[in-house]
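Here is a short tour for anyone who likes to read a fold from one strand outwards. Have the viewer open and follow along.

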Amino acid sequence: MIEFNNEQIGNGDQPFIVAEVGVNFRDDIELGKAFIEEAAEAGADAVKFQTHIPSAEMVESEMDALGMSDLYDRMGVYELSMEEHRELKQHCEDCDITFLSTPFSPAAVERLEKLDVGAYKVGSGELTNHHLLRTIAETGKPMIVSTGMHGMATVQEAAALLDKHASEYMFLYCVSEYPTEPSDFNLGLIQRMEAEFDVPIGFSDHSTGVEAAAIAMARGATLVEKHFTIDRRLPGGDQEVSIEPEELQKLVEYATLCHKTKGDDKEVRDGEVSIAEWARHSVVTTSQVATGETLTAEQLTTKRPGTGIPATEFDETVGRVAARDLEANRTLQEADLE
């Protein structure tokens with residue numbers, strides 16, 4: 001279990017829903033506030049942004065050599081000032097929804113520490129960045145760590161580091177394809193990872209729709225992160241895999257349903273009692289039986305309703321003696337037998 005901002009995430013809790021705004025609002029703070037309002041209205045538990053400082057997370061000349069100078073430039077557009085961070089975080093508080101952000105550099109962690117964030121989301125690309133993982137762990141804040149684009153051995157290495165340095169952490173199962181085809185998920189990993197690492201396991205979902213996320217929660221995912229937009233027609237590379245407010249509300253409803261239906265006790269519900277009365281079977285005669293006659297298997301069968309001697313006692317009823325004359329097709333009662 002991990003806990004922050006009066007939120008608790010663990011196997012006994014309702015799945016925690018994170019609406020990942022990311023950079024879908026580009027650099028429009030008022031639009032970012034609208035995203036927060038819509039996510040809160042849909043019932044999400046948290047809104048997640050990204051904290052980019054391009055000069056601290058990328059070597060511009062090397063990115064240019066890889067033909068990725070446009071990414072460096074885009075992150076410059078998406079970089080939020082300290083004041084913009086404060087404005088978004090305050091709006092989350094005003095809307096009663098948790099503010100989260102993903103840092104991509106130690107400088108970004110420093111910026112978020114000044115905001116006094118309750119927890120850190122770590123992107124899949126940073127799973128092998130042990131320097132950044134340690135930097136975040138040293139804040140003492142809970143860590144939510146995605147594991148896309150890495151095999152289990154890499155996750156195990158990260159777990160060994162986090163076990164030493166982090167106060168609390170959890171992993172998110174993730175496939176870093178945009179969009180991910182549902183058939184490309186191995187959702188059984190949620191239970192396998194929980195058993196191996198003994199920490200909560202969530203699901204960072206890059207598929208379209210919410211079906212895969214619903215299945216993941218049924219498999220035990222304690223947190224679901226989905227890219228979120230208020231309108232997929234807005235510009236931005238993540239819009240295609242983002243869900244809109246109605247889908248986010250449906251995801252929250254699935255989270256509630258998964259939580260309500262996760263019990264493992266087999267008990268008779270109040271609503272089943274009246275059904276059981278007619279749906280169960282009783283021991284019934286197939287022919288006339290005279291007083292004092294010993295009942296044989298051929299003289300008995302089982303039929304609905306379950307208002308007589310229960311069908312479970314068929315074998316015990318064979319060999320008993322009739323206390324009165326019994327007509328054929330009679331639902332036997334205890335008083336009919338000696």
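Which backbone nitrogen lies 3.5 Å from a polar atom of the side chain of S101? In this predicted model, the nitrogen belongs to Q50. The side chain of S101 also makes a polar contact of 2.7 Å with the side chain of T51. Beyond its neighbours within four places in sequence, S101 is in contact with K48, F49, Q50, T51, L112 and K121.

**The strand around S101**

S101 sits in strand β5, residues 98-103. Is S101 buried or exposed? Its relative accessible area is 2%, under the 20% cut-off, so S101 counts as buried. The rest of the strand fits that picture: 6 of the 6 residues of β5 are buried, so the strand is largely enclosed by the rest of the structure. In a regular strand the side chains alternate between the two faces of the sheet. Here both faces of β5 are covered, with T98, L100 and T102 buried on one side and F99, S101 and P103 buried on the other.

**The sheet**

β5 runs parallel to strand β4 (residues 46-51), and 6 bridges join the two. Within this pairing, Q50 has T102 of β5 as its bridge partner. The wider sheet is open and is formed by 8 strands with parallel pairing, in the order β5-β4-β3-β10-β9-β8-β7-β6. At its edges stand β5 and β6 (120-122); each has a single partner strand, so one side of each is left without a neighbour in the sheet. From one strand to the next, the twist averages 25°.

Elsewhere in the sheet, β7 (residues 143-146) and β8 (residues 169-174) pair in the parallel sense over 4 bridges. There, V145 has F171 of β8 as its bridge partner.

**Helices on the sheet**

Helix α1 packs on the sheet and touches β3 (16-22) and β4, with its direction at about 150° to that of β4. Helix α5 (residues 82-94) packs on the sheet as well, touching β4 and β5, and its direction makes about 145° with that of β5.

α1 (residues 29-42) has a helical partner too: it packs with α11 (residues 245-260) at an angle of about 35°, the axes being 8 Å apart. This crossing is right-handed. E38, A39 and A42 of α1 meet P245, L248, Q249 and V252 of α11. By type, the residues of this contact are 5 nonpolar, 1 polar and 1 charged.

**Backbone geometry worth a look**

Most residues other than glycine have a negative phi, and most peptide bonds are trans. The table lists some departures from that pattern.

| Site | Feature | Value |
|---|---|---|
| Y178 and P179 | cis peptide bond | omega about -5° |
| R304 and P305 | cis peptide bond | omega about 0° |
| N5 | positive phi | phi near 50° |
| D198 | positive phi | phi near 55° |

Where do these sites fall? P179 lies in the loop between β8 and α9 (189-197), and P305 in the loop between β12 (300-303) and α13 (314-317). N5 is in the loop between β1 (2-4) and β2 (7-9), while D198 belongs to the loop between α9 and β9 (201-205). N5 is partly exposed, with a relative accessible area of 41%, whereas D198, at 64%, counts as exposed.

Technical notes
Residues are numbered from 1 along each chain as its sequence is written. This is a predicted model: local features need pLDDT of at least 70, side-chain atom pairs count only at pLDDT 80 or more; totals for chains, interfaces and linings use all residues. Side-chain values use heavy atoms; hydrogens and water are left out. Buried means under 20% relative accessible area, exposed over 50%, partly exposed in between (1.4 Å probe, protein chains only). A polar contact is a pair of N or O atoms within 3.5 Å; within protein, one must be able to donate a hydrogen and the other to accept it, and residues adjacent in sequence count only if both atoms are side-chain atoms. Contact means heavy atoms within 4.5 Å. Axes are lines fitted to C-alpha atoms, for helices over the stretch in contact, and angles run from 0 to 180 degrees between N-to-C directions. A crossing is left-handed if the near helix is turned anticlockwise from the far one by less than a right angle, and right-handed if clockwise. Ala, Val, Leu, Ile, Met, Phe, Trp, Tyr, Cys and Pro count as nonpolar, Asp, Glu, Lys and Arg as charged, and the others, Gly among them, as polar. Two strands pair if DSSP finds at least two bridges between them.
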